[in-house]
Amino acid sequence: MEVESSKIKGSGNNYNCQRRVGLIYDERMCSHCTPDGEPHPENPNRIKAIWNKLQNSGTSQRCVTLNAKAVEDKLIQAVHSKNHNNLIRNISSKVFDSRRNRIASKLNSIYFNEGSSEAAYLAAGSVVEAAEKVAKGELDSAFAIVRPPGHHAEENEAMGFCLFNNVAIATSFLLNERPELGIKKILIVDWDVHHGNGTQKTFWQDPRVLFFSVHRHEFGSFYPANDDGFYTMIGEGPGSGYNINVPWENGRCGDADYLAVWDHILVPVVEEFNPDMIIISAGFDAAVGDPLGGCQVTPYGYSVMLKKLMDFAQGKIVLALEGGYNLESIANSSLACVEVLLENKPIRGSSEAYPFESTWRVIQEVRQKLGVFWPSLADELPTKLTNQKAPHILISSSDSESEGEGAKPFVSADLVSAVEDVVTSLSNLKVEDQTASTFAPWRSDASKIDIWYATYGSNMWRSRLLCYIEGGKVEGMKKSCSGSMDRHPPKEIMWRTFPHCLLFGRESTHTWGPGGVAFLHPKRDNQCKTHMCLYRITLEQFNDILLQENVSNYDMSSPLFDVDALNSISNKGSISVEAVKEGWYHNVLYLGKEHEMPILTMTCPLSVIESFKSGELPLRPPCKEYANILVKGLVEGNRLTEEVAKAYIEEAATKPF
């Protein structure tokens, strides 16, 4: 996909001389680190790597170096509560020595040490300082190389490595404390791979701030793991339409995906909004090689994204560092952005890939939702354009959630180091669509083998099962499915009963909301009888459904359940698929044969059954929407009447375990 050349929005942006670019970096922000030296992705080496790259390249010498300043409490309390302000101000004092770790453990992905307070005050104050200098016209633009990051921090809560919301504090300062500077409208662009939930909430009803966030969302399963980042979240009251979320349905999005969003959502809206200044929550965790982000944006991609924004607000742009955990990636991406700020042109490079199909789908959904507020988004994109897409990739969307749900939303710094060892030089890296799994050799063999997939939950309804094959969702589902590579419908359907117990457990799911979902006891019990709908599908389709039924980053370059596993399962009885063991349905269970073809289903392992028995995991009746889908399957499959089907589900949900 060729990158569209940006138009110059007025002679005032056609600079004939090098622009004055400010940089803020202060070693004192490195004093914030884990209390006992444990590895952590958000560590002091992040800003050191960026600063060293800018110095060694000679780029920092072409910029104006600014001094970091601690933020004032009154500016913090324009965004955060007084209680939150007091906590962060005092958390590093000796008074908190005995309580510091305990307080951090109650927060979401936060650590504190003796240097946390000072670093947090300097990070927020540095973004304020950079924004004020640019607003005054003393600088054309600036980059605040700060930590801890800020965009997750909410009014009364530190979370996601963030203590104060640096960008929100700076934005509020310009709009409310310094009106004489003439900054009446601010565009905040958050390109961090995670949704900027804290910033969104701060300006939810404020039409002076256009908040734009593009991020991995995956229907609420990606951190911060809620619905705040969905495209339906558009602001409220006078702020309606001024909150724009572009939620990726999958990882591996790269330059082509981001630039398509810039060209077909962000740039048209910014032309209408006409901001006086732009502040970028510049997280670089969507970069190639990031251990948390799983996306593929190159330094060239970031430079083009920034250049397209330089055409607005007379180029008055402040970048504030947010995330980014591969040291080489964040250093090269930061260098590329500073070069753009200095020269007003992208670094050398090219982008030849196309956006994913899911990217075009999200773009169209956003445009449809926001078109009533922004006329530039009202028209439907031409099919010729949206047909230019990369091959399909699989994403997970199921009744299953991660076994590690609520656990650490980060990986260790050891993994960061390991990733760095294999990351090539990113400066001249070209975008390539890495979809090897699409054409993996195993698919050809697996597509020739048929099995019976036995279903006992929502997949008993054919329309729901087809979501896993053709993509999409049915009534009651909060998440769409990506579908399988082979989208042919089942070749045959039949019903059988099996001597296994049906139960409903777990607290809630992202797909159906609060309420239990169906599990099949792996052990036979002749006193039980479970109705199951059997679909004749290929082993390739079974693998794709197995992935979608579980939460995993598995790339499908090799099968989850291969021919060897198929040949051995009749003797073993069941096989736990290690690659998706964090999911709820990773235990493939053998139920016999029909027409010489194996009958397979997916359920939890016996260890989870024991956790249900002990009360460690909750048994819960299904929610109304989920139960209705089960009834539809049983009734439309001519298995039971509606009355009997409801009684069957109620009995399974309420009988003693």
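Colleague: Why is Phe161 called buried?

Modeller: Its relative accessible area is 8%, and the word buried is used for anything under 20%. The value falls under that cut-off, so Phe161 counts as buried. Please keep in mind that we are looking at a predicted model.

Colleague: Where does Phe161 sit, and what is its phi?

Modeller: Phe161 is placed in the loop between β3 and α6. Its phi is positive, about 75°, although Phe161 is not a glycine. Phe219 also has a positive phi without being a glycine, at about 60°. You will find Phe219 in the loop between β5 and β6.

Colleague: What makes Phe219 buried?

Modeller: The same kind of check works here. Phe219 has 8% relative accessibility, and buried means under 20%, so Phe219 passes as buried.

Colleague: How many aromatic pairs does the structure hold, and what makes Phe161 and Tyr325 an edge-to-face pair?

Modeller: The structure holds 18 aromatic pairs. For Phe161 and Tyr325, the ring centres are 5.8 Å apart and the planes meet at 85°. Centres must lie within 6.5 Å for a pair, and planes over 60 degrees apart count as edge-to-face. Both conditions are met, so the pair is edge-to-face.

Colleague: Why can we say that this pair ties together parts of the chain?

Modeller: Phe161 is in the loop between β3 (141-144) and α6 (166-177), while Tyr325 is in the loop between β8 (317-321) and α10 (327-343). Those parts are 164 residues apart in sequence, so the ring pair ties them together.

Colleague: Is Tyr325 buried or exposed?

Modeller: Tyr325 has a relative accessible area of 4%. Since buried means under 20%, Tyr325 is buried.

Colleague: How do you know that Tyr242 and Trp374 are edge-to-face?

Modeller: Their centres are 5.5 Å apart and their planes differ by 80°. Set that against the limits of 6.5 Å for pairing and over 60 degrees for edge-to-face, and the name follows. This pair links distant parts of the chain too, 132 residues apart. Tyr242 is in the loop between β5 (209-216) and β6 (243-248), and Trp374 is in the loop between α11 (357-370) and α12 (383-386).

Colleague: Why is Tyr242 described as partly exposed and Trp374 as buried?

Modeller: Look at the two values. Tyr242 has a relative accessible area of 23%. Partly exposed lies between the 20% limit for buried and the 50% limit for exposed, so Tyr242 is partly exposed. Trp374 has 6%, which is under 20%, and is therefore buried.

Colleague: Which residues does Asp206 touch, and why is Asp206 called buried?

Modeller: Leaving out residues up to four places away in sequence, Asp206 touches Gly239 and Tyr242. Asp206 has a relative accessible area of 14%, which is under the 20% cut-off, so Asp206 is buried. You can find Asp206 in the loop between α7 (197-202) and β5.

Colleague: What makes the link between His32 and Ser116 a polar contact?

Modeller: Their side chains are joined at 2.8 Å, and a polar contact needs N or O atoms within 3.5 Å, one able to donate a hydrogen and the other to accept it. His32 is found in the loop between β1 (21-24) and α1 (45-56). With a relative accessible area of 2%, His32 is under the 20% limit, so His32 is buried. Among the residues His32 touches are Tyr111, Arg147 and Pro148.

Colleague: What joins Arg147 and Pro148?

Modeller: A cis peptide bond, with omega at about 0°. Pro148 lies in the loop between β3 and α6. Another cis peptide bond joins Tyr223 and Pro224, with omega at about 10°.

Colleague: How do you know that the charge of Lys185 is over the ring of Phe273?

Modeller: Lys185 lies over the face of Phe273, 5.1 Å from the ring centre, and the distance limit is 6 Å. Arg464 fits as well, with its charged end over the ring of Tyr468, 4.4 Å from the centre.

Colleague: What makes α8 mostly covered, and where does it bend?

Modeller: Of the 19 residues in α8, 17 are buried. The helix, residues 255-273, bends by about 45° at Trp262. Just after α8 comes Asn274, with a positive phi of about 55°.

How values were computed
Residues numbered from 1 in each chain as written. Predicted model: local features only at pLDDT ≥ 70, side-chain atom pairs only at ≥ 80, totals over all residues. Heavy atoms only, no water. Helix = DSSP H or I, 4+ residues; strand = E, 2+ residues; numbered from the N terminus. Buried < 20%, exposed > 50% of the residue type's maximum accessible area, 1.4 Å probe, protein only. Contact = heavy atoms within 4.5 Å. Bend = angle between axes of the 7 residues up to and from the residue. Phe/Tyr/Trp six-rings, centres within 6.5 Å; stacked < 30°, edge-to-face > 60°. Lys NZ or Arg CZ within 6 Å of the ring centre and 35° of its normal.
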